Amino acid sequence: SKMEVQQVGDKVDQHALWLEAAVEAAKLVAPILKAGFIKRRQERQQQTPTTSFETKQNTTDLVTETDVAVEDGIVKYLAGRFPDFEFLGEEGAGSRHLSDKPTWVIDPVDGTTNFVHGYPFVCICIGLVINKRAEVGVVYNPILEELFTAMRGGGAHLNGMRIHVSGAADITNACVSTNFGYGRGEESIEFYLSNLRSLLTKQVRAVRASGSAAALMCDVACGRLDSYYEFGIHPWDIAAGTVIIEEAGGVVISPTPSSTPDTALNLEIRRVLCGNKAIVEQLFGVLDANYSTDWK
């Protein structure tokens with residue numbers, strides 16, 4: 001009916017407006033991240049083993065400064081345009097939990113360790129989550145000039161070009177990615193290594209770990225990598241990437257010992273596995289999901 005068509009049209013227009021605003025916000029703060037990154041890279045070039053210990057505090061300060069400035073800029077811009085929307089940000093913007101209300105979920109600098117080391121996988125992540133489901137996603141790496149965008153029902157794009165997940169159906173043809181979080185206790189180490197061992201035993205083609213959840217999810221969305229999994233991540237690491245992967249034809253799940261490959265994603269339970277459906281189903285059977293956030 002005409003009425004239904006109108007509603008669908010409105011929905012697309014609304015999503016397009018949200019996406020355009022998120023892109024605008026990311027571009028607005030990108031120079032802050034870029035300047036901080038360049039400054040940090042120059043500092044590292046001048047370090048020697050004897051001077052490096054003195055700069056530990058400066059490093060922390062620069063990262064925090066950049067993080068806070070980027071997040072503040074995004075929040076200010078989006079709050080100005082959508083006064084009723086809520087925020088969930090890594091640096092403390094808004095609430096600490098997702099409600100069902102429209103919520104901008106923000107990671108101002110995804111890949112902070114990369115930032116500290118001058119390794120160019122750092123991203124600004126902005127996701128719009130409604131009823132705990134990601135509807136709009138923007139992941140922008142201003143160092144590599146890669147802008148990944150997606151809105152529910154509108155496809156996924158890299159710098160304006162349509163992207164799609166890979167067709168790799170088997171682990172032996174797959175380039176699988178993960179990150180080895182911050183846990184250095186015995187249980188964390190054992191967990192990371194047991195999953196790595198399982199992948200290698202199953203003859204995985206390659207394993208990659210570049211330190212940015214969002215960048216890896218976008219690599220999966222455009223077929224550079226076949227899958228990404230990680231345990232211990234937060235909603236702001238994956239909210240934007242989730243809709244980008246789904247709109248690129250992939251699936252995103254949160255594997256637990258009691259879930260199935262068809263269990264709906266839960267952004268808040270600190271775990272993710274994504275890729276095309278076939279590879280996700282295969283990896284779901286291979287990976288141990290017995291992870292605890294209590295581990296050191």
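**Rings, a buried histidine and salt bridges**

Let me begin with Phe82, which is buried, with a relative accessible area of 9%. I should say at once that we are looking at a predicted model, so everything I describe is a property of that model. Phe85 also counts as buried, its relative accessibility being 16%. The structure as a whole holds 13 aromatic pairs, and in one of them the rings of Phe82 and Phe85 have their centres 5.1 Å apart with their planes at 15 degrees, so this pair is stacked, planes under 30 degrees apart being the criterion. Tyr119 and Phe121 also form an aromatic pair, with 5.0 Å from centre to centre and 65 degrees between the planes, and this one is edge-to-face. Here Tyr119 is partly exposed, at 39% relative accessible area, and Phe121 is likewise partly exposed, at 24%. There is also a cluster, in which ring pairs link Phe191, Tyr229, Phe231, Tyr291 and Trp295.

From the rings I move to a histidine. His15 lies in helix H1, which runs over residues 2-46, and what interests me is its surroundings. With a relative accessible area of 4%, His15 falls under the 20% limit and is therefore buried. Its side chain makes a polar contact with the side chain of Glu135, at 2.7 Å. If we leave aside the neighbours within four places in sequence, His15 is in contact with Glu135, Val136, Met151 and Arg152.

Next comes helix H5, residues 213-221, which is mostly covered, since nine of its nine residues are buried. Among the buried residues of H5 are Leu216, Met217 and Cys218, and also the charged Asp219. After the helix comes Gly223, whose phi is positive, near 80 degrees.

What does Asp219 pair with in a salt bridge? Its partner is Arg224, and the closest N and O atoms are 2.8 Å apart. Asp219 is buried, at 12% relative accessible area, whereas Arg224 is partly exposed, at 40%.

That brings me to the salt bridges in general, of which a search of the whole structure finds ten. In one of them the side chains of Lys132 and Asp100 meet, at 3.2 Å from N to O. This pair links distant parts of the chain, 32 residues apart, with Lys132 in the loop between strands E3 (123-130) and E4 (133-141) and Asp100 in the loop between strands E1 (86-89) and E2 (103-110). Lys132 counts as partly exposed at 39% relative accessibility, and Asp100 is partly exposed as well, at 43%.

In another bridge, the side chains of Lys277 and Asp262 meet at 3.0 Å, N to O. Lys277 lies in helix H7 (residues 277-286) and Asp262 in the loop between strands E11 (251-253) and E12 (271-275), so the pair ties together parts that are 15 residues apart in sequence. As for accessibility, Lys277 is partly exposed at 39%, while Asp262 has 60% relative accessibility, which is over 50%, and so counts as exposed. Finally, to return to the buried aspartate of H5, salt bridges that share partners join Glu146, Asp219 and Arg224 into one network.

Terms used:
Residues numbered from 1 in each chain as written. Predicted model: local features only at pLDDT ≥ 70, side-chain atom pairs only at ≥ 80, totals over all residues. Heavy atoms only, no water. Buried < 20%, exposed > 50% of the residue type's maximum accessible area, 1.4 Å probe, protein only. Helix = DSSP H or I, 4+ residues; strand = E, 2+ residues; numbered from the N terminus. Polar contact = N/O pair within 3.5 Å; in protein donor to acceptor, adjacent residues only side chain to side chain. Contact = heavy atoms within 4.5 Å. Phe/Tyr/Trp six-rings, centres within 6.5 Å; stacked < 30°, edge-to-face > 60°. Salt bridge = Lys/Arg side-chain N within 4 Å of Asp/Glu carboxyl O.
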